[in-house]
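Me: Can you take a close look at one part of this model with me? I'm new to this, so please keep it friendly.

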Amino acid sequence: MACQSSSTRPAFLLLLCFLHGSASAQLSSTFYSTSCPSALSTIKSSVSSAVKNEARMGASLLRLHFHDCFVNGCDASILLDDTTNFTGEKNAGPNANSMRGFEVIDTIKSELESKCPSIVSCADILAVVARDSIVALGGPSWTVNLGRRDSTTASQSAANISIPPPTLNLSGLISTFSNKGFTAKEMVALLGSHTIGQARCLTFREHLYNENNIDATFATSLKANCPSSGGDSKLFPFDTTSPTSFDNAFFKNLQTHKVFLHSDQQLFSGGSTDVHVNAYSSNLSTFRTDFANAMVKMGNLSPLIGSSGQIRKNCRKVN
């Protein structure tokens, strides 16, 4: 269909051209079905292997996607190393000394480049990896829409501003997620991912030593390995009951005040989100469904599409 503007072209044809152009610029679950038909199976195989080798990697890979999308959209900016032109996001406050899984992404990208050179974007890899990681840990699956392109720059300052810190109160959490288009219910579902993964002593010391909305026995057990000073990088599983299973135990832990982060406990603190915590605690199926839907929504945050950005050959650097 020739879609150049023309004064003689019927209006309905111009409308069809417009609609066709709009549709072609949207993400699609079948984006690589012809250009790289082995893309999804290649990613799934690598993720399954990585998570089988180290269960914690599943949470780390999910976190890469989350911290990428919350900073100027899902554009793989988090994967870029620093250059003389910009300071990247890897050493921003929320990411420094804690963000990991880059080597897994490198391996996947290398495999895809050998099969389908310059076809599959790093941003799409992150989106698929997040889904496959959750599945590998027993969580729900969802259809990942594809067609994102990669950014040509990154912003440490944007990462410091956009990613919610563990010190936020409920109103701050709701505001931060609302700014990205999420409802409070969707926020609770997404934070339910803290049923897997680990937290550093540094991130919950304040909650542990200076707040009283934490189970006393639970706090005492943590203090033995997370001192009031020092040991910042010591790791603790978010969910001590089933740390490598994507279930709804996190919400049960919230109800008994046995969670690590101040921001997490805010979800069940007599406020407006208590109802969602109670619902997810009592119904695993509802949580799985809502989490999957919220992940689809997160993956659609301001993607670069069409002619924007590029398809990086190496996820760590611009072409």
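Leaving aside its neighbours within four places in sequence, which residues is D75 in contact with?

Reply: Sure! This is a predicted model, where local features need pLDDT of at least 70 and side-chain atom pairs count only at pLDDT 80 or more, while totals for chains, interfaces and linings use all residues. Residues are numbered from 1 along each chain as its sequence is written, and side-chain values use heavy atoms, with hydrogens and water left out.

Skipping neighbours within four places in sequence, D75 is in contact (heavy atoms within 4.5 Å) with D68, A123, R149, D150, S151, L304 and R312. D75 sits in the loop between α3 (56-69) and α4 (102-115); helices here are DSSP runs of H or I with at least four residues, numbered from the N terminus. With 6% relative accessibility, D75 counts as buried, a label for under 20% relative accessible area with a 1.4 Å probe and protein chains only (exposed is over 50%, partly exposed in between).

D68 has another link to D75: an unreviewed UniProt entry lists D68, V71, G73, D75, S77 and E89 under "binding site". These residues span 22 residues in sequence, yet no two of their C-alpha atoms are more than 13.1 Å apart, so they gather at one spot. Such annotations may be inferred rather than shown by experiment.

E89, from that list, also lies in the loop between α3 and α4, and E89 is buried, at 1% relative accessible area. Beyond neighbours within four places in sequence, the contacts of E89 include V71, S77, I78 and N95, plus A154, S155, Q156 and A159. With S77, the side chain of E89 makes a polar contact of 2.7 Å, meaning a pair of N or O atoms within 3.5 Å, where one must be able to donate a hydrogen and the other to accept it.

Key: Helix = DSSP H or I, 4+ residues; strand = E, 2+ residues; numbered from the N terminus.
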